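Hi,

Here is the structure I promised to pass on. Have a look at it first, and my notes follow underneath.

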Amino acid sequence: MKLEGKKAIWSEYQKEIADDRYFYVRSCIRQNFFPGSEVAFLRIMKDVLKKDIYEHPCHTTCSGIGYHGDVVPVETTMTVVARQFAIMTEAGYTNYVPSCITSFGLYTEILETWHHFPEIKERVQENLRRATGREFEIPENLAHASDIIFKFRKEIATQAKYRLVNKYTGEPLKVVDHIGCHYAKMFPSKGVGGAEYPYVLAGMVEEWGGQVIDYPERRHCCGFGFRQYLVQANRGFSVACSREKFESMAPFRPDMIITNCPGCPMFLDRWQYVIGEMEGKTYGPNGQGIPVFTYEEVAGLVLGFDPWDLGLQMHQTSCEPVLDKIGIEYDPEEKFTLNKTLAKAKKGKIFV
Amino acid sequence: MGKLYELLEKDIRFEEGLNACMNCGVCTAICPAAEFYNYDPRRIVDIVQSGDENEIEKLLKSEEIWYCGECMSCKTRCPRGNAPGLVIMALRGLSQDLGYFVESEKGRQQLAIKRTVGESILNTGYCVFIDMVTPALHPEQGPNWEWVYENRAELVNRLGGNFKGDGPGILRKIPKETLDELKKIFEVTGGLKRYEKIEFYSHLKAEEMNLELDETLDNEYFRNIYTTNNGSHTKQ
């Protein structure tokens, strides 16, 4: 097939992604707001793709939100990151996979800095030695968790129970892809498709049957802006950024939004609620919002995972319109049930 | 070049972020913060590049260096390979080290970030822990979050997490030895010193503003810096 236009440009930006033996580190935001997504990612890696992926109990934050909130100095952050690498080294792994986009960008930035300024890397190693006695090697491969799902998108498609297709019309679902700014805006060559035409989520959507929407503010920030959300007085900036995106995408009538950064889906989800309260405006049909998903949630849904096992009950903007369009089976009564076993027992599905 | 410029030059982000700006303004054109705030990254980079000590000092005490959201869209588009966002980070670091941050409404907010995210890193091992995302401080999270927050332990575990448990997993308890290592890293690399400076200068400012400030998140000064928006920051 001859590649033309944007697809031809995308093909120029292909990054190397390791194919097994991953060292996984969690995201501050993801595990608080989308815990089901991290669970789903590990389940897909281990049970569906049969990969070796390891989580060490003593890894921590990379300190990225503190760093971009400007309270944590750069050398402190570099040393915290060096400790993460040391734990990976001690565990015998070389392929580093962060769940977070802020982390991924920060790791990329730090590795580039150490490459250009080896004396800083030496100083960080000395800091780490003094503080913890640990030694580290830099990873042989650094890939965001969405890069891994992108790499295996075809394998996921072959095992899929559902496709991103409207069961009533037979048409592909129209999907907005939103890429976290720090995925490739700083170092375009480190992201699949670069900064202008990132393909990491578009590739998943197309492989799983959906159709990606191109709209004017596609690359605009969701509005997290670190301090612009962390402090209540600044949140007007945050909601204004998301609003700009919704206004720009709404004329294309998207069925859903897919994201790869931990913060973005939370903001795109919650700010729809806030705009509804402030202006009485909603961006989906029939007074509903546009459902917002993480890529792990979408992968889990096409593989047939239970929506409530994926944590979709934690979203403020209801996801059911998309589940209904695809034809995904779910039990509405179990949505807010906290004890899964008890709920199934009550319904006579299992005997306890 | 004067003392402030020399201090900025010591920050690796300044060295990486500023080569030679030709003032084309592409950074301002792409900047989400410049759309919303009275903010112009091109102007800031131009002032810094001039090396004018008085003007740099004004910047370090200004509101405008706190408007950037650090999305780094500017880095992608700059035809000279500059990163105004990194220059901003160097300015913010210096503003805190010199105590100038308390001279602006937006700068004073650093205490709120230090006491929430900053403390969380050392106490929980993560920048954010669900306990701190209270519906009171986060009304924008919506009514569903109230249910999530109230049932967080059961819900996280129902989804396969390990809420405040031992071993690996979501929202696990980070072992004390690990938290001790983090604290030691902060001690060795200047992180704790930065925290102390933020507290020190904030206390001085609270006294000057005649606002009560204790160690909690519930006092006059904290409430003031967390919620005050004098309305002069944005484009009308």
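In what order do the strands of the open sheet with S1 in chain A run, and is the pairing parallel or antiparallel? Keep in mind that this is a predicted model. The order is S2-S1-S3-S4, an open sheet of 4 strands, and the pairing is parallel. S2 (53-54) and S4 (141-142) of chain A sit at the edges with a single partner strand each, so one side of each has no neighbour in the sheet.

Within that sheet, S1 (residues 22-25) and S3 (residues 95-98) of chain A pair in the parallel sense, with 4 bridges between them. If you want a spot to click on, A:Tyr24 is opposite A:Val97 in S3(A).

Chain A has another open sheet of 4 strands, also with parallel pairing, and its order is S6-S5-S7-S8. Here the edge strands are S6 (211-212) and S8 (292-294) of chain A; each has a single partner strand, so one side of each is left without a neighbour in the sheet. S5 (residues 174-178) of chain A pairs with S6(A) in the parallel sense over 2 bridges. A:Lys174 has A:Gln211 as its bridge partner in S6(A).

Then there is the contact between the two chains. Chain B puts 72 residues into it and chain A puts in 68 residues. On the side of chain B that touches chain A, the split is 36 nonpolar, 23 polar and 13 charged.

That's what I have for now.

Cheers

Definitions and conventions. Residues numbered from 1 in each chain as written. Chains lettered and ligands numbered in written order. Predicted model: local features only at pLDDT ≥ 70, side-chain atom pairs only at ≥ 80, totals over all residues. Pairing = 2+ DSSP bridges. Contact = placed C-beta atoms within 7 Å. Nonpolar A, V, L, I, M, F, W, Y, C, P; charged D, E, K, R; others polar.
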